[in-house]
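Here is a friendly walk through one protein model, meant to be read with the structure open beside you. We will look at charged pairs, then the sheet, the helix that packs on it and the nonpolar cores.

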Amino acid sequence: MTTDPRLTEVAQSHSEDMAAQGYFGHTDSTGRGMGDRVTDSGYLWSAVGETIATGNADPAAVADEWRRSPGRDDDILNCNFTHVGVGIADSPSGPYWTQVLATPR
């Protein structure tokens, strides 16, 4: 798996949006889902997934939470995904984390 700067930007923007607007979800504050956000970045995808977390202080804790959460491990363990982007944004209640995984067309 390799990092893609477009997916990193999508993930960072989503983390910042959640932190600024005070919500936690896969649909952003404008109503766009992850597929729309990835498409809008110019990444042409055949598969896309997203994992989010909040309140964890470090990357190891977030990765552990994602591995132990039902459904989320389907994305992070899916060998069909070839690109990843990760974003983090601080807030008074703790950091917001987003990981976007994708496979190009």
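## Charged pairs

Asp 40 is exposed, with a relative accessible area of 54%. Keep in mind that this is a predicted model. The side chain of Asp 40 meets that of Arg 32 in a salt bridge, at 2.7 Å from N to O. Arg 32 also forms a salt bridge with Asp 28, at 3.1 Å from N to O. Asp 28, Arg 32 and Asp 40 are therefore linked in a network of salt bridges.

How well covered are the members of this network? Asp 28 has 8% relative accessibility, so this residue counts as buried. Arg 32, at 31% relative accessibility, counts as partly exposed.

Another pair lies in helix α3 (residues 59-68), where Asp 64 and Arg 67 are three residues apart and so separated by about one helical turn. Their closest N and O atoms are 4.0 Å apart in a salt bridge. Asp 64 is partly exposed at 29% relative accessibility, and Arg 67 is partly exposed at 47%. In the whole model, the count comes to six salt bridges; the table shows some of them, including the two that share Arg 32.

| Acidic residue | Basic residue | N to O distance |
|---|---|---|
| Asp 28 | Arg 32 | 3.1 Å |
| Asp 40 | Arg 32 | 2.7 Å |
| Asp 64 | Arg 67 | 4.0 Å |

As background, side chains of opposite charge can pair when their charged atoms come close.

## The sheet and its helix

Now turn to the strands. Four of them form an open sheet with mixed pairing, in the order β1-β3-β4-β2. Because β1 (2-3) and β2 (45-54) stand at the edges with a single partner strand each, one side of each has no neighbour in the sheet. The partner of β2 is β4 (residues 96-104); these two strands run antiparallel and are joined by nine bridges. Across this pairing, Ala 53 stands opposite Trp 97 in β4.

Helix α1 (residues 5-21) packs on the sheet and touches β1, β2, β3 (83-89) and β4. The direction of α1 makes about 30° with that of β3. How far apart should the ends of α1 be? At 1.5 Å a residue, its 17 residues should span 24 Å, and the end C-alpha atoms are indeed 24 Å apart. After α1 comes Gly 22, with a positive phi near 70°.

Which residues of α1 are buried? They are Leu 7, Val 10, Ala 11, His 14, Ser 15, Asp 17, Met 18 and Ala 19. Their cover includes α2 (34-40) as well as β2, β3 and β4.

## The nonpolar cores

Some of these buried residues turn up again in the largest nonpolar core, which has eight residues: Leu 7, Val 10, Ala 11, Val 38, Tyr 43, Val 48, Val 100 and Ala 102. Two elements, α1 and β4, give two or more residues to this core, and α1 gives the most, with three.

Val 38 is a good residue to click on here. Leaving aside residues up to four places away in sequence, Val 38 touches Leu 7, Val 10, Tyr 43, Trp 45, Val 48 and Val 100.

There is also a second, separate core of six residues, among them Tyr 23, Ile 52, Ala 89 and Tyr 96.

Conventions
Residues are numbered from 1 along each chain as its sequence is written. This is a predicted model: local features need pLDDT of at least 70, side-chain atom pairs count only at pLDDT 80 or more; totals for chains, interfaces and linings use all residues. Side-chain values use heavy atoms; hydrogens and water are left out. Two strands pair if DSSP finds at least two bridges between them. Helices (H or I, at least four residues) and strands (E, at least two) are DSSP runs, numbered from the N terminus. Contact means heavy atoms within 4.5 Å. Axes are lines fitted to C-alpha atoms, for helices over the stretch in contact, and angles run from 0 to 180 degrees between N-to-C directions. The expected span of a helix is 1.5 Å times one less than its number of residues. Buried means under 20% relative accessible area, exposed over 50%, partly exposed in between (1.4 Å probe, protein chains only). A nonpolar core is a set of buried Ala, Val, Leu, Ile, Met, Phe, Trp, Tyr and Cys residues joined through side-chain atoms within 4.5 Å.
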